[in-house]
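Let's take a tour of this model together, starting with its sheets and ending at its ligand. Have the structure open as you read.

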Amino acid sequence: MSKSASHSKDKNWWRQATVYQIYPRSFADSNGDGIGDLKGVTSRIPYLQKLNLDAVWLSPFYPSALADGGYDVADYRDVDPRLGTLADFDELLAELHKVGIRIFVDIVPNHSSNLHVWFKEAIDAKPGSAARNRYIFRDGKGVNGELPPTDWVSHFAPSAWTHESAMGGKHNQWYMHWFAPEQPDFNWNNREVEDEFLTTLKFWADRGVDGFRIDVAHALKKDLSEPLRSLPVFEDLEQRGNKGKGVLADRNELFQIYKEWRKLFNQYDPPRVAVAEANVHPDRVPLYASAKTLGQSFDFRFIDTPFEASSYKENVQDALKVAEKNKSSCTWALSNHDQIRHATKMGLNPAVNRKAWMLSNGTSHPLDMASGTQNALAATLFILALPGSTYVYQGEELGLHEVTDIPENQIQDPQYLRNNKIEKGRDGCRVPLPWKKTGSSFGFGTGGAHLPQPQWFADYSVEAQESDAQSSLGTYRQALALRKKLVTEEKIKWHKTKDVSVLHFSRPNGWHCITNFRAISYPMPKGKVLISSHPLQDGKIPAGTTVWFKK
Ligand code: GLC
Ligand code: CA
């Protein structure tokens with residue numbers, strides 16, 4: 001059956017893996033059109049290899065009109081011609097496997113693009129037809145159906161309903177979209193939709209894909225019983241939980257779907273793996289991360305945690321408990337393609353309102369770039385020493401900051417464009433990577449970059465850091481190499497420190513990690529230093545520094 005990876009068949013490889021997220025349009029451009037592509041990724045495999053990764057995760061590279069950065073998929077089983085071909089994908093996969101790097105692809109099952117053949121059929125079809133039943137079409141309210149069927153709100157637009165006429169439909173119905181109007185939600189109560197996604201998963205698994213990242217994994221099932229329930233505010237699933245009975249998300253029926261997926265994954269050797277993007281209450285996470293369902297679920301708690309000892313410790317303790325419940329492993333992440341880069345968050349006064357700051361193009365308050373990058377590195381070494389897998393977002397290894405001053409006419413993100421401009425959007429972390437200090441698009445390609453790169457990118461480029469072991473890139477490379485050797489049982493032990501701003505833990509093999517968050521400087525415990533995110537000063541650990549050592 002499946003082509004299997006040429007490397008180890010360890011079934012548990014994912015439990016403590018380092019997974020590097022590639023946003024393909026912004027990684028490397030092989031043909032000078034300003035858009036990153038699959039051949040670009042293949043050309044940078046030596047770079048990925050030097051990072052000592054276990055896997056890469058590719059954000060969507062499928063045909064898309066880019067209404068939402070590729071998360072509006074027009075064809076789940078093809079490659080966008082601007083990014084390459086299926087043959088390019090196969091080549092990338094084969095080359096990655098040759099050097100022992102596995103590959104995750106992004107599956108977007110909650111919604112398609114409005115350009116998907118099914119949605120085009122649905123728009124042309126009549127109310128009540130099989131074609132419409134693959135999506136969520138309803139009659140409107142009001143005398144002439146001129147009002148949306150419910151008060152549901154969308155992530156990117158005021159209403160989660162758009163009148164079909166906006167897409168050329170002629171039957172006076174509305175269709176539902178939790179994100180942009182160009183992202184109509186599938187009707188997951190329709191078996192045909194379930195089967196279609198099983199076919200898609202099999203398509204990629206048969207090609208040799210090792211894992212799947214499941215976009216908005218909590219939203220596939222909705223309460224579509226009539227009359228549709230009212231939900232005038234954004235459903236706050238993370239804060240209070242809903243016991244599996246949310247209106248638009250986190251419903252118990254979801255797990256039946258994922259159990260079927262799991263059966264499919266387990267037909268492969270080694271079994272295919274998956275990680276859920278589920279923004280739900282921590283109590284619900286084990287359901288997504290169970291060995292019977294997707295196996296892992298992202299833990300986003302560090303993304304919003306201030307760089308501060310007590311909250312870091314609390315996070316770790318909570319997450320370990322949750323993982324224990326379902327025998328999953330933890331998943332740590334500080335950044336991704338939806339978030340302000342963490343170096344920036346950590347260089348900004350925590351009291352600053354980040355939304356407003358971003359809208360001011362980063363001018364309303366000063367950003368301390370150097371200390372942001374330093375704290376970010378300390379945070380990275382902290383999470384890399386924890387049990388579980390770590391998801392690294394492209395560019396964070398360079399200590400990159402958010403690009404805050406993208407001019408309005410170049411903004412691509414619907415979060416800004418559709419959301420009444422109340423959020424600057426996510427383009428600032430999706431700016432093409434700087435590979436060189438100079439030249440067209442800092443070495444990203446030979447023909448510019450699809451989002452503007454600032455001058456300061458020169459200092460953060462791969463070239464500027466390549467031969468400096470103390471640089472952010474140098475530190476990531478060494479830490480990830482060390483981590484491979486040090487990884488051990490998924491347990492930690494906390495050690496007392498003399499300062500509340502200092503956290504110290506160790507793993508069962510004597511691998512110690514100590515982080516000084518804020519204390520002026522802290523005496524280095526006895527042991528052999530393996531790596532330090534920032535140089536020690538007179539044998540002491542300066543603030544914003546993590547040290548790994550062996551006893
Ligand atoms: C996920 C993606 C995000 C996208 C959204 C809709 O949250 O990470 O980028 O906008 O889903 O697909
Ligand atoms: Ca290109």
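## Pairing at the edge of a sheet

Two strands count as paired if DSSP finds at least two bridges between them. In this predicted model, β10 and strand β11 (residues 389-393) meet that test, with parallel pairing over 3 bridges. One residue pair to look for here is W332 and T390: the latter, in β11, is the bridge partner of W332.

## The parallel sheet

Now zoom out from that pair. The strands belong to an open sheet of 8 strands with parallel pairing, in the order β9-β8-β7-β3-β2-β1-β11-β10. Which strands stand at its edges? They are β9 (295-297) and β10 (331-333); each has a single partner strand, so one side of each is left without a neighbour in the sheet. From one strand to the next, the twist averages 25°.

Helix α5 (residues 191-207) packs on this sheet, where it touches β3 (102-107) and β7 (211-214). The direction of α5 makes about 160° with that of β3.

## The antiparallel sheet

Further along the chain you will find an open sheet of 5 strands, ordered β12-β13-β14-β18-β16, and here the pairing is antiparallel. The edges are held by β12 (493-495) and β16 (528-532), each with a single partner strand, so one side of each has no neighbour in the sheet. Neighbouring strands are turned by 25° against each other on average, direction ignored.

For a closer look, try strand β13 (residues 502-506) and strand β14 (residues 511-516), which pair in the antiparallel sense over 5 bridges. Within this pair, L503 stands opposite T515 in β14.

Two helices are worth viewing with this sheet. Helix α9 (residues 309-326) lies across β12 and β13, running at about 30° to β13. Helix α16 (residues 472-486) lies across β14, β16 and β18 (545-550), and runs at about 135° to β16.

## Around the ligand

Finally, turn to ligand 1, which is surrounded by 14 residues, the closest being D68, D215, E277, H337 and D338. What is the make-up of this shell in nonpolar, polar and charged residues? It divides into 4 nonpolar, 3 polar and 7 charged.

Three side chains place polar atoms by oxygen atoms of the ligand. For E277, a polar side-chain atom lies 2.7 Å from an oxygen atom of ligand 1, while for H337 the distance is 2.9 Å. In R213, a side-chain N or O atom is 3.0 Å from an oxygen atom of ligand 1. On its own, ligand 1 has 310 Å² of accessible area, and the protein covers 95% of that.

Terms used. Residues are numbered from 1 along each chain as its sequence is written. Chains are lettered from A and ligands numbered from 1 in the order in which they are written. This is a predicted model: local features need pLDDT of at least 70, side-chain atom pairs count only at pLDDT 80 or more; totals for chains, interfaces and linings use all residues. Side-chain values use heavy atoms; hydrogens and water are left out. A residue is near a molecule or strand if one of its heavy atoms lies within 4 Å of it. A polar contact is a pair of N or O atoms within 3.5 Å; within protein, one must be able to donate a hydrogen and the other to accept it, and residues adjacent in sequence count only if both atoms are side-chain atoms. Accessible areas come from the Shrake-Rupley method with a 1.4 Å probe; for residues, only the protein chains shown count as cover. Ala, Val, Leu, Ile, Met, Phe, Trp, Tyr, Cys and Pro count as nonpolar, Asp, Glu, Lys and Arg as charged, and the others, Gly among them, as polar. Helices (H or I, at least four residues) and strands (E, at least two) are DSSP runs, numbered from the N terminus. Axes are lines fitted to C-alpha atoms, for helices over the stretch in contact, and angles run from 0 to 180 degrees between N-to-C directions. Contact means heavy atoms within 4.5 Å.
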